[in-house]
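These notebook entries record what I looked up, one topic at a time. I begin with a pairing of strands and work outwards from there.

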Amino acid sequence: LPAFRDPKLFTKDQHFGEVPVRIYLPRWASASKRRAVIFIHGGCGMFGSIRSHEKVCRYIAQKSDSVVVSVGYRLAPEHKYPGQNLDCLTATVHFLQTAENYGVDSDRIIICGDSAGATFSTSVCQELTNRTDIPKIRAQVMIYPFLQALNFNLPSYQKNALIPLLSRKRLIHFILKYLNKDPALEEALLAGSHVPESINLKYGKWINPDLIPDKFKQGYKAPLSTPCEAQVYEEVKEVFETTFSPLLAEDSVVCRLPDTCIITCEHDVIRDDGLLYKKRLEDNDVKVTWYHLEEGFH
């Protein structure tokens, strides 16, 4: 579909490599080079598009006087994981290299995403921490991010298990669909049977209900320990890769991430992913701004 005609914005459809993007440029003159926002839409990696998030991108461009680049990554399950991450990385690197062509200050580029888009955006940030040949991402904005597939029994998963639009079972269904896995594995993932003891021991220091502030744990009950089923682990072991679960990245990576804004919602199964990542960033001396919407839904 063509871009919406907006009297306040120039809109361009282009390709960065093979990745389609839509660029929104304010029509009014600027006394200096502008800031830019690379926007990665959510939708579990399977839904959404440049078009579905156009109003959001136009709003950001107008209100912040920024150039906005909306990334149209290929969707699963037709395009297999981690193709979505790679598309987002390709588009981001291309824009960082060519930002000045769009009147953008290459030192003032942020990356933003909602839900799975936040997963992809922080995965891109982690991937770029060691790059010295391109400008650094100035900051990242994470809107109710999905960040780990280790524990589906955190307090927010229990509290919001049946909350629309994203119930706990629906989220796991989407994960399996996204990865082209057997939907019959749903109950095993819910129980935690996909997690070997070695992985629990390694990452328990980061993904632990004890790290969630008490006010978010009302009514929480620790689940019974479930032994790992080796076959289930082999089927879904991709979920422990940092491109899928960025919360599992090592401190040597996390400490080099840019300033971060995290937005969480109270009525959201993945609320605690954002809370745990906030703590990880703060523990690694990364500047974090946190907004929590008490009445917010995913």
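**Entry 1: strand β4 and its neighbours**

I looked first at how β3 and β4 run beside each other: they pair in the parallel sense, over 6 bridges. I note that the model is a predicted one. For one contact between the two strands, I recorded that Ile40 has Val71 of β4 as its bridge partner.

I then asked in which sense β2 and β4 pair. The pairing of strand β2, residues 19-26, with β4 is antiparallel and has 4 bridges. Here I recorded Tyr24, whose bridge partner in β4 is Val68.

I next traced the connection from β3 to β4. Together with α1, the two strands make a right-handed β-α-β unit.

How many residues of β4 are buried? I found 6 of its 6 residues buried, and the strand is thus listed as mostly covered. I checked the two faces separately. On one side Ser66, Val68 and Ser70 are buried, and on the other Val67, Val69 and Val71 are buried, which leaves both faces covered.

**Entry 2: salt bridges**

I searched the whole structure for salt bridges and obtained 21. As background, I note that side chains of opposite charge can pair when their charged atoms come close.

I began with Arg22 and Glu54, whose side chains meet in a salt bridge at 2.4 Å, N to O. This pair links distant parts of the chain, since Arg22 belongs to strand β2 and Glu54 to helix α1, 32 residues apart. I found both Arg22 and Glu54 buried.

I then turned to Arg34 and Asp65, which form a salt bridge at 2.6 Å, N to O. Arg34 is in strand β3 and Asp65 in the loop between α1 and β4; the two are 31 residues apart, and the pair links distant parts of the chain. Are these two residues buried or partly exposed? Arg34 has a relative accessible area of 10% and is therefore buried. Asp65 stands at 25% relative accessibility, so I entered it as partly exposed.

The next pair I looked up was Asp272 and Arg271, a salt bridge with its closest N and O atoms 2.8 Å apart. Asp272 has a relative accessible area of 0% and is therefore buried. Arg271, at 1% relative accessibility, also counts as buried.

I also looked for salt bridges that share partners. Asp6, Asp13, Arg22, Arg51, Glu54 and Arg58 are joined in this way into one network.

**Entry 3: aromatic rings**

A search of the whole structure gave me 13 aromatic pairs. Phe47 and Phe174 form one of them, edge-to-face, with 5.5 Å centre to centre and 70 degrees between the planes. Phe47 is in the loop between β3 (34-40) and α1 (54-64), while Phe174 is in helix α5 (residues 168-178); the pair links distant parts of the chain, 127 residues apart. I asked which of the two rings belongs to a buried residue. Phe47 has a relative accessible area of 42% and is therefore partly exposed. Phe174, with a relative accessible area of 17%, is buried.

I then recorded Tyr73 and Phe120, another edge-to-face pair: 5.1 Å centre to centre and 75 degrees between the planes. Tyr73 lies in the loop between β4 (66-71) and α2 (83-98) and Phe120 in helix α3 (residues 116-127), so that the pair links parts of the chain 47 residues apart. Both Tyr73 and Phe120 are buried.

I entered one aromatic cluster as well, formed by Tyr81, Phe146, Tyr178 and Phe244.

**Entry 4: charges over rings**

I looked up two arginines placed over rings. Arg27 lies over the face of Phe10, 4.2 Å from the ring centre. Arg280 has its charged end over the ring of Trp206, at 3.6 Å from the centre.

**Entry 5: the whole chain**

I closed with the chain as a whole. It holds 10 helices and 8 strands. Of its 298 residues, 55% are buried. Its C-alpha trace spans about 60 × 40 × 40 Å along the principal axes.

I asked what radius of gyration the chain has. The value is 19 Å, which agrees with the figure near 19 Å for a compact globule of 298 residues.

Definitions and conventions
Residues numbered from 1 in each chain as written. Predicted model: local features only at pLDDT ≥ 70, side-chain atom pairs only at ≥ 80, totals over all residues. Heavy atoms only, no water. Phe/Tyr/Trp six-rings, centres within 6.5 Å; stacked < 30°, edge-to-face > 60°. Buried < 20%, exposed > 50% of the residue type's maximum accessible area, 1.4 Å probe, protein only. Lys NZ or Arg CZ within 6 Å of the ring centre and 35° of its normal. Pairing = 2+ DSSP bridges. Right-handed = clockwise from strand over helix to strand, strands pointing away. Salt bridge = Lys/Arg side-chain N within 4 Å of Asp/Glu carboxyl O. Rg over C-alpha atoms; globule rule 2.2 N^0.38 Å.
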